Structures are given as C-alpha cells and as structure tokens.
Amino acid sequence: MTVDGAVTELVARALAEDLGDGDRTTDATVPADATAQARIVQKEPGAVFGLDAAAETFRLARGGELEKAVAEGEWSDECPRDIALVTGPARGLLAGERVALNLLGHLSGVATLTARFVEASRAQGGGAVILDTRKTTPLLRSLEKAAVRAGGGENHRFGLYDAILIKENHVALAGGLTEAVARARDAHPEMPVEVECRNQGEVDAALKTGASRLLLDNMDLDGLRAAVAARNAAGSSPVTLEASGGVSLETVGSISAAGVDFISVGALTHSAPALDLSMLLDV
C-alpha cells in the first residue's frame, strides 16, 4: 500500500480526535526523554494489512519507526506472532498506539474476510471473482478497497464517477431500460454499462440492450442458473454476470458454481470483524 497525502491527512485527523490537546496519563507518568520498543502481535489467524498506515500513525505521533516482520496481505494460522516492531520515544509510541491498532485491526479484518470469501467461492468448483461494493466506511474507502485486494478480491467501482450502473430508479426516471442505456452510452461512450436485474424478464430485456454486464440482484440459485443459460443462449459471450445480495460464506460457493463471473459482497467492508491485535512494550 502506498501512503499518499490522503492517508497522511486521515491519520492526522484520527490522531487529533484521540489526543485532543494531549495524552494526560502518558504525559504525567512517562519521562519526556524515555525511549521504548514495542511489538505488534497478531493473536488470531488471518491476513495482515495496514502496516503502512500504522507506520504513518507512529511517524506523525512522533513514536519512531515501524519495522515490518511480515508482508502486507500475508496470512498466518500460527498465532500469536509478531508482525511489526516499533522503536522510538515512549510517549509517541503510546500516543499512536490506539489509532494504529484501530486502522491495522480493521483493515486486516477486511483482508481476512475477503480471503475467506475467495476460498469459499472456489469450494464447489466455481471460478467467480469476489468484488467489493461502495458500502464502505466514510473516508476509509481507498484503504478498505486496498485491503480487499490484499485479501485476493477485486474492486468494483470506487465511486459514482468511474462506472455506469443502471438500477431500477434510473430506469424509472429515464422512461425505460432501453432509454436509460441509450442515454448512458450517449453521455459516456467510453464506459461499459452495467444493468441491475431482479428477475428473468429483466435479464432478457437487459441482454437485448447490449449491456456489458448484468447485476443479478438477490436472485436464488435457479434464477442465477437461468440467467447464465440465457446469456449463453443469446451468444452474448462478452456480457459478464455479477451476483449480488444476501451472499454469505455458506452460500458463496454454490453461487459461484452457478456460473456467474463475479460476486459482489458488501460485507467485506461493512461487516468485517477486526483482527485481534495487541501492542506489547518490551521493558
């Protein structure tokens, strides 16, 4: 992960939220010239991601330098294990601890859940690509989507500006699906067009528009298989199919085996549990 100005600004705001005008406890108990070394420990199986963001946190908190002990995205079942070492002024280490662990734990949780979905999607022989959605934490989207990639998934669209996805409200306001697709193509001929479909009738109609991808929303397995068959029968090989809605670790394997090309999972970012991590001082 590359630490850019946006990440630095985000970390600075997070530190300001936590520190306010000072860490009262640390300033009262820790000598100003004290230095320390701390280990960041992974306490449960999973994929680690966010070490660069954690390093930026300690840098801004004047807590010294973070040395990685593992690669970003690396999975381990052998826990506890040390994943990073931080050395520097003791006050800065403690000032940055919670923000660093919050970011690292959350992003590692996203990477871990993504990796679990990727593995589960292949369990029944399917080959669907796992995608994220726009259901991200406000202002953390770029970091969360990077964590998805680290876990083996791929990114859908980053925002409303970089892709066209026509849903039922767009169709209603445009005066019909054909008109909505035509307007989108006229406005942005360089962009592929994706159309949301909720049933077989909408799939058949969308295929006739020449859309690039169909988003199969909350369809059961029979509906997904029928959509795959309709796409294949239409000879629309460039048209890809994306299943979405109600996808879980228990169902993703059968959804993938139905023959869709992509499966989008909002839970990757909005419901990933944080990976259990701790920072332990060596004193």
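Okay, let's start in the middle of things, with strand E8: it is mostly covered, with 5 of its 5 residues buried. Keep in mind that this is a predicted model. What sits on each side of the strand? Both faces of E8 are covered, with buried Val193, Val195 and Cys197 on one side and buried Glu194 and Glu196 on the other. That split fits the general rule that in a regular strand the side chains alternate between the two faces of the sheet. And yes, you heard me correctly, Glu194 and Glu196 count as buried here.

So who are the neighbours of E8? On one side there is E7, joined to E8 by 3 bridges, and the two strands run parallel. If you want a residue to click on, take Ile166, whose bridge partner in E8 is Val195. On to E9: E8 pairs with E9 over 4 bridges, again in the parallel sense. Here you can click on Cys197, which has Leu216 as its bridge partner in E9.

Now zoom out. These strands belong to an open sheet of 6 strands, with parallel pairing, and the order across the sheet is E6-E11-E10-E9-E8-E7. Which strands are at the edges? Those are E6, residues 129–131, and E7, residues 164–166, and each of them pairs on one side only. Neighbouring strands in the sheet are turned against each other by 25° on average, ignoring direction.

Over towards the E6 end, E10, residues 240–244, runs parallel to E11, residues 262–264, and 3 bridges join them. One pair to look at there is Glu242 with its bridge partner Phe262 in E11.

Next, the helices on this sheet. Helix H7, residues 177–187, packs on the sheet and touches E7 and E8, where E8 covers 193–197; the direction of H7 makes about 160° with that of E8. Helix H9, residues 221–233, lies across E9 and E10, and runs at about 170° to E10.

Let me stay with H7 for a minute. Which of its residues are buried? Leu177, Ala180, Val181 and Ala184 are. Looking down the axis of H7, the buried residues fall within an arc of 95°, so they line one face of the helix. The general background is that an α-helix has 3.6 residues a turn, so residues three or four places apart point the same way. As for what they pack against, that would be E7, H6, E8 and helix H8, residues 200–209. Flip H7 round, and the face turned away from the buried side carries the exposed residues Thr178 and Asp186.

Just ahead of H7, have a look at Gly175, in the loop between H6, residues 168–174, and H7. Buried or exposed? Gly175 counts as exposed, at 67% relative accessibility. From Gly175 to Asn218 you go 43 residues in sequence and 24 Å in space, C-alpha to C-alpha.

Okay, back to the start of the chain and helix H1, residues 5–19. H1 has 15 residues and reaches 21 Å from first C-alpha to last, close to the 21 Å expected at 1.5 Å a residue. The buried residues in H1 are Val7, Leu10, Val11 and Leu15. Down the axis they fall within an arc of 135°, so these too line one face of their helix. What covers them? Their cover includes helices H3 (51–60), H4 (90–121) and H5 (141–150). The face of H1 turned away from the buried side has exposed Gly5, Ala6, Arg13 and Glu17.

The ends of H1 deserve a quick look. Asp4 caps the N-terminal end, with a side-chain oxygen 3.1 Å from the backbone nitrogen of Ala6. After the helix comes Gly20, with a positive phi near 55°.

I mentioned H5, and Leu143 lies in that helix. Leu143 is buried, at a relative accessible area of 3%. Leu143 and Val3 are 140 residues apart in sequence, but 9.8 Å apart in space, C-alpha to C-alpha.

Last stop: Ser76, in strand E4, residues 75–76. Its relative accessible area is 9%, so Ser76 is buried. A polar atom of the Ser76 side chain lies 3.1 Å from the backbone nitrogen of Glu78. Leaving aside residues up to four places away in sequence, Ser76 touches Gln42, Pro45, Gly46 and Arg81.

Terms used:
Residues are numbered from 1 along each chain as its sequence is written. This is a predicted model: local features need pLDDT of at least 70, side-chain atom pairs count only at pLDDT 80 or more; totals for chains, interfaces and linings use all residues. Side-chain values use heavy atoms; hydrogens and water are left out. Two strands pair if DSSP finds at least two bridges between them. Axes are lines fitted to C-alpha atoms, for helices over the stretch in contact, and angles run from 0 to 180 degrees between N-to-C directions. Contact means heavy atoms within 4.5 Å. The expected span of a helix is 1.5 Å times one less than its number of residues. Buried means under 20% relative accessible area, exposed over 50%, partly exposed in between (1.4 Å probe, protein chains only). The arc is that of the directions from the helix axis to the C-beta atoms. A polar contact is a pair of N or O atoms within 3.5 Å; within protein, one must be able to donate a hydrogen and the other to accept it, and residues adjacent in sequence count only if both atoms are side-chain atoms.
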